[in-house]
Amino acid sequence: MKQYIIKGGTPLRGEVTIGGAKNAALGIIVAAIMANEPVTIENLPDVDDVHVLLDAIEGIGAIVERMDTHTVKINGALINNMSVDEDAIRKIRGSYYLVGALLGKYKKALVALPGGCQIGSRPIDQHIKGFEQLGAEVTIHHGKIDARAERLAGEHIYLDCPSVGATINIMMAACMAEGRTIIENPAKEPHIVDVANFLNSMGANIRGAGTDAIRIRGVESLHGSEYSIIPDQIEAGTYMLAVAATGGDVYIKNVIPKHLEAITAKLVEIGARVEEFDDCVHVVADHRLSYANVKTMPYPGFPTDMQPQMTTLLALSEGTSIVTETIFETRLKYVGELRRMGANITVEGNAAFITGVDGFSGAAVSAPDLRAGAALVMAGLAAEGFTSIDHIHYIERGYENFEEKIRGIGGNIDKIDAEDERAVRKFKMKVS
Ligand code: UD1
């Protein structure tokens with residue numbers, strides 16, 4: 001089993017470049033199969049979830065040409081199978097987009113229920129409600145979502161909560177439904193806008209993505225396109241907080257500063273310096289940071305996907321902080337691992353009560369999910385001594401070349417075989 005080994009205590013310094021947004025890529029890859037012509041997607045992140053989804057669409061007959069690490073050409077003209085059920089697809093969340101895309105284009109879909117990180121119950125009732133309102137009959141049997149329709153017709157759909165997945169899924173189905181659909185109370189995350197822009201580049205007619213109402217006029221078919229995915233807001237945010245946790249000074253390049261505003265605002269509030277440029281942010285933390293209260297909210301609020309990283313940073317900051325998780329009910333499970341490194345955090349319900357400590361000490365810990373795994377890497381980089389992190393396959397689902405990028409800004413980290421004593425000794429000699 002692979003693990004990360006980290007020698008902490010070195011402030012991160014230099015420049016790091018952010019890749020394409022994973023969560024936008026998942027929607028865009030699936031949306032691409034709705035066209036009957038080749039679609040070229042650029043700035044694709046080279047992460048495991050993307051590969052799983054590309055394999056899945058290839059499995060149902062899409063032609064997938066990997067042009068280079070970050071570019072893929074997809075042609076959905078020859079899709080011949082509306083049933084997607086592979087073990088791998090059950091593990092990722094973005095698989096549910098196949099329902100919206102196949103239902104929109106072919107009026108039927110049979111897709112294994114999605115998995116993803118174990119951070120709460122993660123229902124899909126809003127997706128189903130939307131499909132049903134568009135005229136589909138949706139049933140769940142043998143672990144699969146079965147959606148079919150004679151025809152789809154535009155509707156006025158009000159989401160009970162601004163779900164990212166439901167917004168994208170309904171948007172995809174509706175863009176090939178007859179007539180006009182309005183999605184009220186949609187999610188407004190940057191990747192919603194990116195998927196809408198991509199669909200529009202293929203000839204869809206979607207207005208208002210990123211606002212309180214999305215208006216969609218159905219079209220009969222979608223055409224080929226070339227599209228470049230936006231930078232990953234969460235990858236960028238993770239580096240911003242890692243820089244702050246290590247007392248570093250780093251230029252984080254290829255970002256859209258506007259998408260990072262909630263993170264930037266909290267960093268500034270606790271005493272870090274953040275300079276914004278056109279497509280870059282410069283984060284400096286040259287003194288101990290202080291406490292803050294944070295509540296996760298749908299965009300433009302503080303992202304739930306940055307909650308474990310923020311909790312980790314506040315656990316190293318002066319004073320008492322409270323982090324409240326409002327989106328997913330069991331997203332504080334990693335706190336036990338942080339405590340092994342010396343964090344002083346108690347969890348009550350959906351809130352973490354944090355008393356800042358002067359420093360962490362390295363320990364053997366295990367990544368419980370993708371973002372909490374990244375937070376443990378941050379903790380290891382800030383800690384005194386050596387940290388090992390197991391179950392890094394979670395982290396590799398969403399961070400491209402994580403250890404290489406961290407090494408590029410001076411972090412002492414390596415990926416090794418957990419049983420390989422020699423590799424451990426070699427790493428320790430190299431960094432001592
Ligand atoms: C997406 C992201 C994930 C991020 C989350 C919130 C992807 C692949 N994943 O997940 O990284 O943490 O947005 O920003 O893009 N809900 C319902 N019914 C539904 C759907 C959602 O009650 O039908 C609830 C969920 O339980 C949760 C909230 O809505 O409390 C938000 O979930 P949602 O935005 O749908 O998250 P995902 O799309 O699963």
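Two strands count as paired if DSSP finds at least two bridges between them, with strands (E, at least two residues) and helices (H or I, at least four) taken as DSSP runs numbered from the N terminus. This is a predicted model, in which local features need pLDDT of at least 70 and side-chain atom pairs pLDDT 80 or more, while totals for chains, interfaces and linings use all residues. Residues are numbered from 1 along each chain as its sequence is written, and side-chain values use heavy atoms, with hydrogens and water left out.

**View 1. The ligand and who sits around it.** There are 21 residues surrounding the ligand, each with a heavy atom within 4 Å of it. Tyr96, Ser163, Val164, Asp305 and Ile327 are the closest of the bunch.

**View 2. Backbone atoms facing the ligand's oxygens.** Three polar contacts (N or O pairs within 3.5 Å) are worth zooming in on here. At Ile327, a polar backbone atom is 2.4 Å from a ligand oxygen. Gln126 also puts a polar backbone atom 2.7 Å from an oxygen of the ligand, and for Gly165 the corresponding distance is 2.9 Å. On its own, the ligand would expose 740 Å², and the protein buries 87% of that area (Shrake-Rupley, 1.4 Å probe).

**View 3. Helices that supply the shell.** Helix 1 (22-32), helix 5 (125-133) and helix 6 (164-174) are the elements giving two or more residues to the shell around the ligand. Helix 5 chips in the most, with three residues.

**View 4. A four-stranded open sheet.** Read across the sheet, the strand order is 6-7-9-8, and the pairing is mixed. Strand 6 (83-84) and strand 8 (137-141) sit at the edges, so to speak: each pairs on one side only.

**View 5. The hairpin made by strands 8 and 9.** Strand 8 runs antiparallel to strand 9 (residues 144-148), and five bridges join the two. Going in pairs, Ile140 stands opposite Ile145 of strand 9, and His141 stands opposite Lys144 of that strand. Two residues lie between the strands of this hairpin. His142 belongs to the loop between strand 8 and strand 9, and its phi is near 50°, a positive value in a residue other than glycine. For context, most residues other than glycine have a negative phi.

**View 6. A cis peptide bond before Pro300.** From Tyr299 to Pro300 the peptide bond is cis, and its omega is near 15°. Most peptide bonds are trans. If you're looking for the spot, Pro300 is in the loop between strand 18 (293-295) and helix 10 (307-315).

Terms used:
Polar contact = N/O pair within 3.5 Å; in protein donor to acceptor, adjacent residues only side chain to side chain.
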